[in-house]
Structure formats: structure tokens, C-alpha cells
Amino acid sequence: MYNEIDLDKIDINLKPPMEEPARQYYFMARCREWVREFERKNGRRPTAFIQTFGCQMNSRDSEKLLGVLRTIGYQEADSEKADFVLYNTCTVRENANQKVYGKLGFLQTLKRRNPKMKIAVCGCMMQETDEIETIKRSYRFVDIVFGTHNIYKLAELLDKQIQTEKQTIDVWEDTAEIVEDLPNQRKFPFKSGVNIMFGCNNFCSYCIVPYVRGRERSRNPEDIVAEVERLAADGVVEVMLLGQNVNSYGKTLKEPVSFAQLLQRVEAVEGIERIRFMTPHPKDLSDELIAVMAQSQKICKQIHLPIQSGSTEILKKMNRHYTKEQYLGLVERIRAVMPDISITTDIIVGFPGETEEDFLETLDVVRRVRYDSAFTFIYSKRSGTPAAEMLEQVPETVVKERFERLLLEVQKISSELTGKDVGKTELVLVEEQNAQNSEMVTGRLSNNMIVHFPGGTELIGKILPVKLIEAKGFYYIGEQEQK
Ligand code: SAH
Ligand code: SF4
Ligand code: F3S
């Protein structure tokens with residue numbers, strides 16, 4: 001098993017192997033020599049800090065990056081005052097990019113005080129040529145830049161930067177490769193994301209993801225199940241299967257497997273108690289999937305089903321491939337067999353050409369579906385996407401006003417819904433000590449709602465029956481049910 005490989009057995013005087021992941025373990029061994037040298041000189045190990053922006057894909061990537069750094073010998077730091085700082089970036093909306101540049105400015109001042117500090121930037125934003133140019137031109141103090149397709153190469157790039165002491169940039173346009181079996185360091189011992197596919201082929205007209213994450217590639221089901229088995233053996237009870245459109249999982253494999261079939265194989269893994277997934281695309285959510293979810297004991301009764309807009313006209317311009325009626329029909333089919341399922345969504349306000357009537361269609365869907373919660377976004381123009389070329393951009397004041405109205409409606413409905421389970425006893429996976437009150441812990445229901453209840457840290461990672469005493473808008477206060 002690669003995860004348990006002994007770096008001391010690797011001969012770093014030989015040439016690096018060409019095959020992966022052996023090549024990366026070779027570079028980890030080389031970097032570790034450098035870490036040992038650092039330790040001899042400074043009387044301590046170097047520290048590393050990773051900050052992640054964006055979605056669950058990036059969070060999972062960061063766990064892999066941290067796994068590599070830990071294997072090399074870095075100690076994890078809890079702030080940017082570290083010897084190695086890595087920003088794993090997102091570029092889905094404009095403000096995400098601005099935030100990163102602001103933070104890089106701050107790192108420059110830290111680096112003046114600690115000139116040996118290494119700064120690296122990776123992730124989706126680095127897949128854009130303009131951003132690379134900006135880094136080369138105005139951020140010379142950034143030591144390493146890489147993209148989404150080669151995150152597994154961190155050790156090799158770090159070794160190169162150590163040897164050359166020059167800004168090291170390696171970004172690929174796309175890849176067909178999936179490198180398995182590298183180390184990873186989970187944020188939570190009891191739950192984990194699991195990539196089932198990479199990239200996206202949908203090209204929704206507003207979205208940058210297909211350009212920065214490349215074409216869709218599915219992992220083999222055997223590799224996924226083996227990873228889930230390893231996680232279960234390591235104490236994980238909840239997995240979240242990750243992909244930009246999980247419904248198209250497995251279609252391009254040599255032996256095609258449907259997402260519903262994959263779920264059944266994951267369900268068979270002993271020790272796994274809860275299975276979640278994101279994101280399914282409404283255009284191809286199958287009845288097979290609904291049936292598998294309905295009869296499953298482990299798949300959580302929760303589904304994130306991004307609508308983006310309630311107007312069929314706008315959905316067409318967004319290239320979403322469903323109408324308002326088809327979406328509502330899908331929700332009905334899901335609720336017919338799982339009446340208690342929690343449904344959440346993503347909504348974009350102010351897509352080019354959105355009229356007041358289009359917006360009212362969105363509000364109408366919100367009122368009809370009654371989402372447990374919804375992520376609402378103001379449309380952000382991403383250059384390179386077809387929507388950025390559309391001429392009828394909606395004025396900012398109009399967008400803001402619609403956004404406020406939408407938010408009010410979404411919040412009103414979700415606080416009404418939270419109340420409905422008060423008095424019931426439900427299973428809670430305890431995740432952490434409560435941030436405000438150390439005599440309480442915080443966990444999640446199967447439908448992903450948050451519950452705070454009195455208890456100590458020994459409960460973390462356990463699944464317990466908790467009585468829901470009070471609803472507070474977006475969360476519950478509960479009490480552990482005594483046996
Ligand atoms: N693959 C997922 C979404 C990934 S991006 C899906 O198809 O549902 C997460 C969310 O960001 C999207 O659902 C969308 O609501 C939002 N988003 C993407 N591009 C955006 C843009 N240009 N402006 C505003 N929001 C955007
Ligand atoms: Fe973006 Fe659409 Fe792909 Fe989701 S499905 S990542 S919104 S292009
Ligand atoms: Fe952002 Fe990349 Fe995810 S652009 S939303 S981090 S796939």
C-alpha cells in the first residue's frame with residue numbers, strides 16, 4: 001500500500017522513476033532530506049499552512065496536499081505565520097480572485113520578515129492565463145504555481161524550487177491521467193470526501209469550471225470502493241462522493257457503471273454509516289438513482305439540486321438543458337418516494353437578460369419547492385464564458401434589489417421548515433466541540449441540519465440519538481436521548 005510507504009527505503013541518488021505515484025514518493029524522499037537539513041539548522045521542523053477557497057473538490061485536494069507536506073516532514077501551522085504557505089484558489093466568481101490577491105499582498109509583508117518563507121498558489125484560478133501573467137509580473141515573491149490537473153506533483157515542484165530557488169510555474173491545460181494512492185491528511189477523522197470524477201463537460205454558459213477543471217474523467221469503481229474501504233478501516237463513518245455532475249459518473253468508463261450502481265457498491269462497504277454526494281445535475285437525474293436512494297439505509301435523505309433560475313427562457317440561455325416544469329416534475333418524483341427528504345439548491349440572480357418576469361419565475365420555484373436552504377449568488381461575469389459576451393447585462397442596482405428579495409424568501413421558508421422536526425429524536429453524527437460553549441458539541445442530522453447539544457469531546461465521531469428541543473432558524477438545540 002503506497003500510503004504506508006517507507007521513504008527511507010527510496011534511493012534518492014538514483015534517477016527519479018517515470019511512473020506515478022512512485023515518482024512523487026521519490027521527490028517526497030528528496031524533500032524530506034531538505035526538511036531534515038532545515039531541522040538541523042533551526043532546531044525545529046518547518047511549518048506549513050494551507051488555505052482553501054471554493055468547493056468541496058478543493059477541500060479534498062487540500063487534504064491531499066497537506067498529506068504530501070506531512071509526509072515530507074512539515075508540521076501543520078494554524079496561520080500564515082509559517083515557513084510554507086499554500087493558497088488553493090477558486091475562480092468561480094470574480095470576488096474570489098480579488099480575495100487571493102489581497103491575501104498575497106499580506107504574505108509579502110510576512111516574507112520580508114522571514115525571507116526563507118515559501119509561498120505557493122494552486123487551484124482553479126491558476127488555470128487562467130491572465131492570472132498566471134499577473135503572478136509573473138506583479139507577484140515575483142510567489143515561489144511555486146501549479147494548477148488543478150497536476151496537484152499530485154507538489155513534492156516534485158517543491159524539490160525543483162528548492163534546487164533552483166526560482167519561481168517555479170507548472171500549469172497544464174488538461175489531462176487524461178488520474179494519479180491514485182498519494183498520501184492525504186483528513187480534516188475530520190470520521191468523515192471524508194471521496195472524488196468519484198474530475199472535470200465537467202456541461203459548459204453552463206456562465207460557468208468557468210469546465211475551463212479550469214478540464215474534461216470529465218471518472219475513476220474506476222474498484223478504486224473508489226477500495227478507497228472507501230480504507231477510509232472505513234481508518235474510522236470514517238460518513239463519505240461524501242464528489243463530482244461536478246455525479247449523474248454522468250461512469251458513462252465513459254471502458255465498462256460503464258451508473259452513479260446509482262456505484263452508490264450501491266459504496267453502500268455495501270461495512271463501517272460506512274452515511275453516504276452523501278454532490279452535485280447531481282437536474283438534467284440527468286435518473287429514476288434508478290431515486291429508487292436506490294429511497295430504499296437505502298445509508299444514503300442520507302438530502303439532495304442538493306441546483307436550479308440556477310426558475311425561468312425556462314433563462315435556463316435555456318444558461319445551457320442547463322431543463323425547463324422550469326421539468327425541474328418541478330423531478331422534485332415531485334423525488335418527494336413521491338421520499339416525502340421527508342431535504343432539498344437544497346443554488347440560485348444565480350442577474351444572469352444577462354434576466355427580466356422582472358424571469359426573476360418572478362425563480363421566486364415561484366422557491367415558493368413551490370420550499371428549499372431547506374439555498375445558496376444564492378449574484379451573477380458574476382467570467383471572461384472566456386459565453387455569458388460574458390451576452391450584451392444585456394442587468395444593472396447592479398436591479399440585481400441587488402432582486403437578490404435581497406430572494407434572500408428574504410429563502411430565509412423565511414428555511415426557518416419555517418427547521419421547526420417541523422422539533423420534538424423528534426434523530427440520529428446525529430457529532431462533529432466538533434461547540435465554538436461558543438465548551439460544554440456543548442455540534443453535529444449533523446442525516447438531512448445535514450446542524451444540532452448543538454450538551455456533551456463532551458469524547459462524543460466526537462459518534463452517531464447518537466438526540467432529541468430536537470428547539471429550532472433556531474438554521475439549527476437545532478437538542479438533548480442526548482438516554483438509553
Ligand atoms: N457543478 C455544480 C456547481 C459548481 S459551481 C452544478 O452544476 O450545480 C457552484 C455554484 O456556483 C453553481 O451552482 C452556481 O450557482 C454558482 N456559479 C457558477 N458560476 C457562477 C457565476 N459566473 N456567477 C455566479 N454564480 C456562479
Ligand atoms: Fe459549472 Fe454547469 Fe459544470 Fe456545474 S454543471 S460545474 S455549473 S458547467
Ligand atoms: Fe471554485 Fe474550482 Fe470549485 S472554481 S467552485 S474551486 S471547481
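How many aromatic pairs does a search of the whole structure find? The search finds 14, and the close-up views below, all taken from a predicted model, begin with one of these pairs.

**View 1. Tyrosine 322 and tyrosine 327 form a tilted aromatic pair.** The ring centres of tyrosine 322 and tyrosine 327 are 6.0 Å apart, and the angle between the two planes is 35°. Both partners have little accessible area by the computed values: tyrosine 322 counts as buried at 6% relative accessibility, and tyrosine 327 is likewise buried, with a relative accessible area of 1%.

**View 2. An aromatic cluster brings together Trp34, Phe38, Tyr74 and Phe84.** These four residues, a tryptophan, a tyrosine and two phenylalanines, form one cluster.

**View 3. Two phenylalanine rings each have a basic side chain over the face.** Over the face of phenylalanine 377 lies arginine 93, at 3.9 Å from the ring centre. In the other example, lysine 191 lies over the face of phenylalanine 188, at 5.0 Å from the centre of that ring.

**View 4. Nine residues surround ligand 3.** Gly54, Cys55 and Asn58 belong to the surroundings of this ligand, together with Cys90, Thr91 and Val92, and the list is completed by Cys124, Arg213 and Gln244. Sorted by class, the shell around ligand 3 holds 4 nonpolar, 4 polar and 1 charged residues. Two members of this shell can be described further in terms of accessibility: cysteine 90 is buried, with a relative accessible area of 13%, and arginine 213 is also buried, at 8%.

**View 5. Arginine 213 forms a salt bridge with aspartate 61.** Arginine 213, one of the residues around ligand 3, has its side chain joined to that of aspartate 61 with an N to O distance of 3.3 Å. This pair links distant parts of the chain, since arginine 213 lies in helix α6 (residues 209-213) and aspartate 61 in helix α2 (residues 56-72), with their positions 152 residues apart in the numbering. Aspartate 61 counts as buried at 5% relative accessibility, and arginine 213 is buried as well.

**View 6. Eleven residues surround ligand 2.** The residues around this ligand include the cysteines Cys200, Cys204 and Cys207, and also Asn202, Phe203, Tyr206, Val209 and Pro210. Gln244, His281 and Arg320 complete the list, and Gln244 is also named among the residues around ligand 3. By class, the shell around ligand 2 is made up of 7 nonpolar, 3 polar and 1 charged residues.

**View 7. Lysine 136 and glutamate 133 form a salt bridge within helix α4.** The closest N and O atoms of lysine 136 and glutamate 133 are 3.8 Å apart. Because the two residues are 3 residues apart in helix α4 (residues 129-138), they are separated by about one helical turn. Lysine 136 counts as partly exposed at 37% relative accessibility, and glutamate 133 is also partly exposed, at 37%.

**View 8. A salt bridge connects arginine 444 with glutamate 431.** The closest N and O atoms of this pair are 3.4 Å apart. Arginine 444 belongs to strand β16 (residues 440-445) and glutamate 431 to strand β15 (residues 425-433), so the salt bridge ties together parts that are 13 residues apart in sequence. Arginine 444 is partly exposed, with a relative accessible area of 22%, whereas glutamate 431 counts as buried at 7%.

**View 9. Salt bridges with shared partners join five residues into one network.** The members of this network are Arg60, Glu63, Glu180, Arg219 and Glu227. In the structure as a whole, a search finds 42 salt bridges.

**View 10. Cysteine 31 is buried and too far from other cysteines for a bond.** The closest cysteine sulfur to that of cysteine 31 belongs to cysteine 122 and lies 15 Å away, which is too far for a bond. Cysteine 31 counts as buried, at 0% relative accessibility, and the structure holds 0 disulfides.

**View 11. Valine 194 is a buried residue of strand β7.** Valine 194 has its place in strand β7 (residues 191-195) and counts as buried at 0% relative accessibility. From valine 194 to phenylalanine 27 the C-alpha to C-alpha distance is 25 Å, and the two residues are 167 residues apart in sequence.

How values were computed. Residues are numbered from 1 along each chain as its sequence is written. Chains are lettered from A and ligands numbered from 1 in the order in which they are written. This is a predicted model: local features need pLDDT of at least 70, side-chain atom pairs count only at pLDDT 80 or more; totals for chains, interfaces and linings use all residues. Side-chain values use heavy atoms; hydrogens and water are left out. A disulfide is a pair of cysteine sulfur atoms within 2.5 Å. Buried means under 20% relative accessible area, exposed over 50%, partly exposed in between (1.4 Å probe, protein chains only). A residue is near a molecule or strand if one of its heavy atoms lies within 4 Å of it. Ala, Val, Leu, Ile, Met, Phe, Trp, Tyr, Cys and Pro count as nonpolar, Asp, Glu, Lys and Arg as charged, and the others, Gly among them, as polar. Rings of Phe, Tyr and Trp (its six-membered ring) pair if their centres lie within 6.5 Å; planes under 30 degrees apart count as stacked, over 60 as edge-to-face and the rest as tilted. A charge sits over a ring if NZ of Lys or CZ of Arg is within 6 Å of the ring centre and within 35 degrees of the ring normal. A salt bridge is a side-chain nitrogen of Lys or Arg within 4 Å of a carboxyl oxygen of Asp or Glu. Helices (H or I, at least four residues) and strands (E, at least two) are DSSP runs, numbered from the N terminus.
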